[in-house]
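Trainee: I'm new to this one, and I'd like to learn how to read it. Could you take me through it feature by feature?

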Amino acid sequence: MIETDDFLRKKMPFDYPQNNNIIFEEYFYEFYKNIEIKTQRTYLPIFWTGIYCSRNFGQGDISDFQEFIESLDKTKNYFTLVQYDDGILNDVSGLDILVFSLAQDKIYDYILPTTCKPRPNINKDRNRDIFCSSFGKYKGLVNHPLQDKLINTLPKNKYLIGKEININSYYDILERSIFFICVNGRSPTTFKICECFQTGTIPVFLYDKKWIPFEDEIEFERGCVMVRETEMYRIDEILSNISPLEIKDMIEYGEYIYDNYYEYDMLSEKIINILNV
């Protein structure tokens with residue numbers, strides 16, 4: 001691992017999602033420091049997300065990070081993790097580097113789940129009195145334009161769809177829903193998929209680009225309903241034809257996906273395994 005100054009490990013200045021007090025970039029750094037296994041590539045522990053968020057979301061001066069990157073030994077092979085929606089904004093083209101991406105599709109070699117810590121006191125045993133729900137923003141985030149189309153497309157007597165909601169109501173409705181429609185934001189994926197798996201809710205991923213972590217290992221569509229944006233008019237048809245037995249299997253497989261691929265320690269070990277293949 002490259003030794004870096006504290007300014008290159010700037011932690012996230014706010015929790016996102018709510019209660020996610022350590023993002024995976026930061027967690028992996030602590031995990032990697034405490035393992036004895038050496039990887040075939042040198043870890044570059046830059047907290048890209050915290051850096052960019054603290055520098056006016058990438059609009060501030062980031063030249064000091066560029067100077068550090070250009071000072072690195074070009075004969076070494078590196079790897080790094082990035083969660084920031086817009087990816088690595090600095091120029092890393094001069095490095096032999098593998099990029100593990102949690103949320104962006106600009107510079108990456110491996111797709112990781114967009115994961116977060118589970119919030120406290122999740123109750124998976126709530127009465128599922130809501131067939132399907134979906135809400136766009138909370139905490140002042142920007143709505144995806146598809147949220148309006150969902151509101152206007154799906155039957156209101158069966159679907160609870162809205163644009164904005166407070167965080168406590170969001171989690172309450174998520175726990176009571178059988179399905180939850182996850183619309184991606186600035187990146188090709190969303191934290192809401194992870195939150196669904198944590199809650200025992202089946203995510204319905206409304207996507208424009210298929211972004212699936214560990215696609216060669218996971219039967220992702222066994223635990224998540226995948227619907228292209230161009231076919232969103234079929235959501236009610238698709239969900240209505242999923243049997244109670246299939247729903248049970250999807251919930252159980254979603255828990256398997258989370259426990260083995262999204263949970264922080266398990267995901268960290270997956271990365272180490274990839275690096276040492």
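Mentor: Let's start with one residue: asparagine 19 has a relative accessibility of 35%, so it counts as partly exposed. The cut-offs are simple: under 20% is buried, over 50% is exposed, and anything in between is partly exposed. Keep in mind that this is a predicted model.

Trainee: Where is asparagine 19 found? And what is phi like there?

Mentor: Asparagine 19 sits in the segment before helix 1. As for the general idea, most residues other than glycine have a negative phi, and most peptide bonds are trans. Asparagine 19 has a positive phi, near 75 degrees.

Trainee: Which peptide bond is cis?

Mentor: The one from tyrosine 16 to proline 17 is cis, and its omega is near -5 degrees. Proline 17 also belongs to the segment before helix 1, which covers 24-33.

Trainee: What about phenylalanine 214: what is its phi, and is it buried or exposed?

Mentor: Phi is positive there too, near 50 degrees. With a relative accessible area of 8%, phenylalanine 214 is buried, because the cut-off for that is under 20%. You'll find phenylalanine 214 in the loop between strand 8 (202-207) and helix 7 (220-223).

Trainee: Now the sheets. What is the strand order in the open sheet of 4 strands?

Mentor: When you read a sheet, follow the order of the strands and their sense. Here the order is 1-2-3-4, with parallel pairing. Strand 1 (42-43) and strand 4 (110-111) are the edges, each pairing on one side only. Strand 1 pairs with strand 2 (residues 77-82) in the parallel sense over 2 bridges, and tyrosine 43 stands opposite phenylalanine 79 in strand 2.

Trainee: Which strands does helix 1 touch?

Mentor: Helix 1 packs on the sheet against strand 1 and strand 2, and its direction makes about 135 degrees with that of strand 2. Helix 10 (residues 264-275) lies across strand 2, strand 3 (96-101) and strand 4, at about 150 degrees to strand 3.

Trainee: How do helix 9 and helix 10 pack?

Mentor: For a pair of helices, look at the angle and the distance between axes. Helix 9 (residues 244-262) and helix 10 pack at about 60 degrees, with axes 5 Å apart. That makes the two helices oblique to each other. Asp259, Asn260, Tyr261 and Tyr262 of helix 9 meet Tyr264, Met266, Leu267 and Lys270 of helix 10. By type, the residues of this contact are 5 nonpolar, 1 polar and 2 charged.

Trainee: How many residues of helix 6 are buried?

Mentor: Count them along the helix: 9 of 9 are buried in helix 6 (residues 191-199). Among them are Lys192 and Glu195, along with Phe191 and Ile193. Check the ends as well. Threonine 190 caps the N-terminal end of helix 6, with a side-chain oxygen 3.1 Å from the backbone nitrogen of lysine 192. Just after helix 6, glycine 200 has a positive phi of about 80 degrees.

Trainee: And which residues of strand 8 are buried on each side?

Mentor: A strand has two faces, so take them one at a time. On one side Ile202, Val204 and Leu206 are buried, and on the other Pro203, Phe205 and Tyr207 are. That fits the count of 6 buried residues out of 6 in strand 8. Strand 7 (residues 177-183) runs parallel to strand 8 and is joined to it by 5 bridges, with isoleucine 181 opposite valine 204.

Conventions. Residues numbered from 1 in each chain as written. Predicted model: local features only at pLDDT ≥ 70, side-chain atom pairs only at ≥ 80, totals over all residues. Heavy atoms only, no water. Buried < 20%, exposed > 50% of the residue type's maximum accessible area, 1.4 Å probe, protein only. Pairing = 2+ DSSP bridges. Contact = heavy atoms within 4.5 Å. Axes fitted to C-alpha atoms, helices over the stretch in contact; angles between N-to-C directions. Polar contact = N/O pair within 3.5 Å; in protein donor to acceptor, adjacent residues only side chain to side chain. Parallel < 35°, antiparallel > 145°, perpendicular 65-115°, else oblique. Nonpolar A, V, L, I, M, F, W, Y, C, P; charged D, E, K, R; others polar.
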